[in-house]
Amino acid sequence: MCGSIFAQSQVYLSDLTPVCAQQEWGTLGINRSVTSPKLTLNGRVYPKGLGTHAYSKLVYNLDGLDYQIFSAVIGIDDDAQGNGSVVFHVWLDSLLVLNSGVMLGSDSSLHFQIPLTGAGQLILEVTDAGDGICCDHANWADAKLVKGSSIQGIDFIPQPQQKICNTKTTSHYLMDFVFVNWDSPMHHATIELNTKKVKPFSIPIGEIPYGWTRLRNLKIPKIFVGDTTKFVLTVAKRYCCSKKVFIPPPTWIRAEGQFVALELQLKNFNVLNKPFNWLAKLDSAYLAYEELVGERPYGGKMITILEVLQYPGGWAVAGNPIKWFSPYIAPALQQVNQGDWLFGILHELGHDFDLDYKWVWEAELFANFKMVYVAEQVKAKVFQRKRWYDYTKLDGETLDDYYRWQAEQTDEVNSVTDWLYHNDPATHKFLLVKNMIGWEPFKQTFRTYQALPNWQVPSIPQGKLNLFVHYLEKYSGQQLMERFRKWGFPVARIPSGIEISQSRRTPQQFELERTYSNPFNPIVTVCYRLPVRGLVHLKVIDILGETALVLVNSVQKAGEYKVKFGSFQLANGIYFCSLRVINNATGRKFSQIHKMVLLK
């Protein structure tokens, strides 16, 4: 192939073989997206290119290839239906030359050209935008190496968003700018906006690094909307280049509270009589969720409730942004005008406060249950299934009544026929416990669970449930296991942690005995012998080689040891008990492994 490449004025990356190809989900698409037979961006089909999925990394050797330019069109494939959010990076050796910033499924694609002078490797990387990899179908469309003169100089591309950002005190039009700089990094850069209507307005940019850089959501005054505006880029007060761009009237609006923002089409936003009153309510709900679980999701970043035109999989779908399906929005906002806090939005916000899902065995149950705490604390009023649940009235019905009624509909008031999937009757049982022990044990349980290292978090729903109820007992001082068992929850008493005992006798050699009982359930005992002091690693490994439990990770004296632990957080199956010891004096290593079977 290399012989033919030299004679061509261009070569597509889809016709080359990368020296390294990594992808977290799916397989690399050659002249197709990761999930469909075509590469499509903003309605245009590209016959050549690469379809990837975050996270992905492609490495191409450039040594011996006489090409001066890399060119591509990047964006999220149309098959993601407007969903997804990614960041594209291009590296030449260890130099980052393109940072797309966050690109959404609803964004326009971006065409770029990069000079390759002196580079030995071309590295294409796609990362998620910090919100997971769902629908991150990232395309490098029309990706090719081209012969031609080297690119020089600096340029910028204003990209109007058709969006206004409102806060209680200010209102701004939002624009994106892409800066292209093939000189050394530029300092003290400024964009100046000029029209005949008003005085010039300056936006300080600061440093423009080498390569392609995208800045999102720069704020400009509304006065420039609906007019052709001259944008002038200056660096250190010296003229660099300019562009004339028409700024279209906004069709979308972003309204920001302190912790929660709305991003809606203007026609839907205008349904709200007092949008910032509702945002203030959602802010108070956010703080109540934080008070319950002890942390803020997404590193404390503002959570956006985003209108989406493609069906996201439900009335609304949690995440950041919370995706709210457009046809449902106007009727719901009319309810907000009547005082409704909106059950559905509070519910999805509750999902976001499951943090990294350590305690979650059934997500809907926790979204329901946490929402009741919030409604109690903020005195909410919500409309659900044609009835009002009003916490502002002393004699008003509450969500406790709603979930009892839901349990009555399925004849599950006194028991749960499916503890894992019947989330409304299960919520009713947890509310009964809440009324008995109060919220404080739940707060402590959420915090303790969240602080657990990942290897101590049960991997199966039953284990998560069992540990949760165990902590509720611990922090409430009440016996709850039997109550949950009568309701149909598969819980069992947990021994108090991992029990380690040592004898004084000094053995003659290292040894890991076979575990007993084997098969085991619910308690298993591991015995091992240390003839010398050493660093001991004792752990349980699943059949895939992943660590399921760490039992010992410390220096121990010579002696005979017994370790007892419970199997509540393990699924049925085959496991291996692994002992590895490093002699403190000599550095010599000993290791032994035994198979064991868990049957519940």
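The expected span of a helix is 1.5 Å times one less than its number of residues. That rule is used at the second stop of this tour. The model is a predicted one.

**The whole protein**

Begin with everything shown as a cartoon. The protein has 11 helices and 35 strands. Its C-alpha trace spans about 85 × 75 × 45 Å along the principal axes. Of the 600 residues, 52% are buried. Among contacts with a separation of 6 or more, 66% are between residues 24 or more positions apart. The protein exposes about 27,300 Å², and carbon and sulfur atoms supply 51% of that area.

**Helix H8**

Select residues 423-437, which form helix H8. Does the length of this helix fit what is expected, or what distance separates its end C-alpha atoms? With 15 residues at 1.5 Å a residue, the helix should span 21 Å, and the end C-alpha atoms are 21 Å apart, so the two values agree.

Now colour H8 by burial. The helix is mostly covered, with 12 of its 15 residues buried. Among them are Pro 425, His 428, Phe 430, Leu 431, Val 433 and Ile 437. Lysines are also on the buried list, including Lys 429 and Lys 434. To see what covers these buried residues, add helices H6 (363-378), H7 (399-409), H9 (440-451), H10 (461-476) and H11 (481-487), which are included in the cover. Then step past the end of H8 to Gly 438, which follows the helix and has a positive phi, near 85°.

**Two salt bridges around H7**

Keep H7 on screen and select Arg 404 and Glu 408. Their side chains meet in a salt bridge, 3.6 Å from N to O. Both residues lie in helix H7, 4 residues apart, which is about one turn of the helix. Glu 408 is partly exposed, with a relative accessible area of 40%, and Arg 404 is partly exposed at 35%.

Next select Glu 397 and Arg 387, another salt-bridged pair, at 2.9 Å from N to O. Glu 397 is in the loop between strand S27 (387-390) and H7, while Arg 387 is in S27, 10 residues apart. Glu 397 is partly exposed, with a relative accessible area of 31%; Arg 387 is also partly exposed, at 35%.

**Strand S30 and a salt-bridge network**

Move to strand S30, residues 523-530. Select Thr 525, which lies in this strand. Is Thr 525 buried or exposed? Its relative accessibility is 5%, so Thr 525 counts as buried. Leaving aside residues up to four places away in sequence, Thr 525 touches Thr 515, Tyr 516, Lys 562, Val 563 and Lys 564.

In the strand S30, pick Arg 529, then add Glu 560: their side chains form a salt bridge of 3.2 Å, N to O. Glu 560 lies in strand S33 (residues 559-566), so the pair ties together parts that are 31 residues apart in sequence. Both Arg 529 and Glu 560 are buried. Add Arg 505, Glu 511 and Glu 513 to the selection: salt bridges that share partners join these residues with Arg 529 and Glu 560 into one network.

**Strands S2, S7 and S12**

Select residues 20-23, 56-61 and 121-128. Strand S2 (residues 20-23) and strand S7 (residues 56-61) run antiparallel and are joined by 4 bridges. Gln 23 stands opposite Ser 56 in S7. S7 also pairs with S12 (residues 121-128) in the antiparallel sense, over 6 bridges. Here Lys 57 has Glu 125 in S12 as its bridge partner.

Just before S7, look at Ala 54 and Tyr 55, which are joined by a cis peptide bond with omega about -15°. Tyr 55 is in the loop between strand S6 (49-53) and S7.

**Pro 321 and a surface patch**

A cis peptide bond also joins Asn 320 and Pro 321, with omega about 15°. Pro 321 is in the loop between strand S24 (316-317) and S25. Continue to Tyr 328, in the loop between strand S25 (322-325) and helix H4 (329-337). Tyr 328 counts as partly exposed, at 34% relative accessibility. Select Tyr 311 and Trp 315 as well: with Tyr 328 they make a nonpolar surface patch of about 290 Å².

**Two residues with positive phi**

Finish with Asp 142 and Asn 217. Asp 142, in strand S13 (residues 137-146), has a positive phi near 55° although Asp 142 is not a glycine. Asn 217, in strand S18 (residues 211-221), has a positive phi of about 60°. Asn 217 is partly exposed, with a relative accessible area of 38%.

Notes: Residues numbered from 1 in each chain as written. Predicted model: local features only at pLDDT ≥ 70, side-chain atom pairs only at ≥ 80, totals over all residues. Heavy atoms only, no water. Patch = residues over 30% accessible without salt bridge, like charges linked within 9 Å, V, L, I, M, F, W, Y side chains within 5 Å. Areas by Shrake-Rupley, 256 points an atom, 1.4 Å probe, with all protein chains shown as cover. Salt bridge = Lys/Arg side-chain N within 4 Å of Asp/Glu carboxyl O. Buried < 20%, exposed > 50% of the residue type's maximum accessible area, 1.4 Å probe, protein only. Contact = heavy atoms within 4.5 Å. Pairing = 2+ DSSP bridges.
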